[in-house]
Amino acid sequence: MTRRYWNINLEEMMEAGIHFGHGTSKWNPRMAPYISSKRKGIHILNLIRTARFLSEACDLVFDAASKGKQFLIVGTKNKAADSVARAAIRARCHYVNKKWLGGMLTNWYTTETILHKFRDLRTEQKMGRLHRLPKRDSAMLKRQLSHLQTYLGGIKYMTRLPDIVIIVDQQEEYTALRECIILGIPTICLIDTNCDPDLADISIPANDDAIASIRLILNKLVFAICEGRSSYIRNP
């Protein structure tokens with residue numbers, strides 16, 4: 001049953017431009033059930049269906065968060081990067097918003113090893129030990145630390161595979177989605193009219209190019225996660 005307090009209303013979604021899809025020449029026919037019309041060469045998404053799937057996604061993340069499950073939010077294109085980081089930090093989720101490194105999940109042993117090194121380097125830096133090294137060694141480690149922060153900063157405290165992965169833009173993050181499918185990790189995916197709605201566990205039809213659209217979808221999911229976490233804290 002959908003929890004009504006997610007407060008997903010169609011007017012707010014229209015203002016965010018969630019209903020605007022891609023041009024009619026760039027579409028996946030499997031998206032037909034989620035498209036309501038065409039306007040000036042652009043497909044228009046059916047917001048009633050979008051609201052339904054968004055509500056289902058909110059229910060899923062609420063239930064998962066209330067059981068202490070961990071989330072990873074992925075969105076690396078420029079329009080999504082800042083919104084992904086802000087949403088993840090607010091909900092205390094892990095995130096990737098710069099570049100998905102192939103094998104990040106499917107080759108978890110290697111990723112975990114790199115994260116251990118990353119955390120150790122951060123500790124060395126905080127304790128001022130890098131400054132005591134020879135100048136050349138110090139500069140090399142600082143560059144390495146900066147590189148790790150850029151690409152792995154959002155998952156530096158991730159000690160195991162996530163329980164649920166939220167993906168912004170299926171096309172852009174296809175490698176991440178495939179890794180989740182291989183590992184059987186449940187996924188929630190924001191999909192535009194050029195995507196395949198059958199790949200993710202829950203696909204939310206929405207404009208994946210507009211910052212306002214991405215932000216609104218993430219805000220609803222984050223609110224549900226935060227509510228679920230509060231429930232988990234109150235009832236451990």
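Helices here are DSSP runs of H or I with at least four residues, numbered from the N terminus. With that in hand, welcome to a few close-up views of this predicted model.

**View 1. Cys58 sits within helix 2.** Helix 2 covers residues 47–65. The relative accessible area of Cys58 is 0%, and because the cut-off for a buried residue is under 20%, Cys58 counts as buried. Beyond its sequence neighbours up to four places away, Cys58 touches Trp6, Lys220, Leu221 and Ala224. Look also for Gly228: its C-alpha atom is 9.7 Å from that of Cys58, although the two positions lie 170 residues apart in chain numbering.

**View 2. Leu221 and Ile188 have the most contacts inside the largest nonpolar core.** This core has 40 residues. Two or more of them come from each of helix 2, strand 4, helix 3, strand 6, strand 7, strand 8 (202–205) and helix 7 (211–234). Helix 2 gives the largest share, nine residues. If you centre on Leu221, you will find that it touches Leu54, Ala57, Cys58, Val61, Ile166 and Ile188, leaving out residues up to four places away in sequence. Apart from this core lies another, of 32 residues, including Ile35, Leu105, Leu145 and Ile167.

**View 3. Strand 6 is covered on both faces.** The strand spans residues 164–168, and five of its five residues are buried. Ile164, Ile166 and Val168 lie on one side, while Val165 and Ile167 lie on the other.

**View 4. Strand 6 pairs with strand 4 and with strand 7.** Strand 4 (residues 71–74) runs parallel to strand 6 and is joined to it by four bridges. Strand 7 (residues 187–191) is also parallel to strand 6, again with four bridges. Val165 is a handy residue to follow here: it is the bridge partner of Leu72, and it stands opposite Thr187 in strand 7. From strand 6 the chain passes through helix 6 (residues 174–183) to reach strand 7, making a right-handed β-α-β crossover.

**View 5. Helix 3 runs from residue 78 to residue 91.** Its 14 residues reach 21 Å from the first C-alpha to the last, close to the expected 20 Å. Several of its residues are buried, among them Ala80, Ser83, Val84, Ala87, Ala88 and Ala91. As you pick out that pattern, recall that an α-helix has 3.6 residues a turn, so residues three or four places apart point the same way. Just after the helix comes Arg92, whose phi is positive, near 55 degrees.

Note on methods: Residues are numbered from 1 along each chain as its sequence is written. This is a predicted model: local features need pLDDT of at least 70, side-chain atom pairs count only at pLDDT 80 or more; totals for chains, interfaces and linings use all residues. Side-chain values use heavy atoms; hydrogens and water are left out. The expected span of a helix is 1.5 Å times one less than its number of residues. Buried means under 20% relative accessible area, exposed over 50%, partly exposed in between (1.4 Å probe, protein chains only). Two strands pair if DSSP finds at least two bridges between them. A crossover is right-handed if, with the strands pointing away from the viewer, the path from the first strand over the helix to the second runs clockwise. Contact means heavy atoms within 4.5 Å. A nonpolar core is a set of buried Ala, Val, Leu, Ile, Met, Phe, Trp, Tyr and Cys residues joined through side-chain atoms within 4.5 Å.
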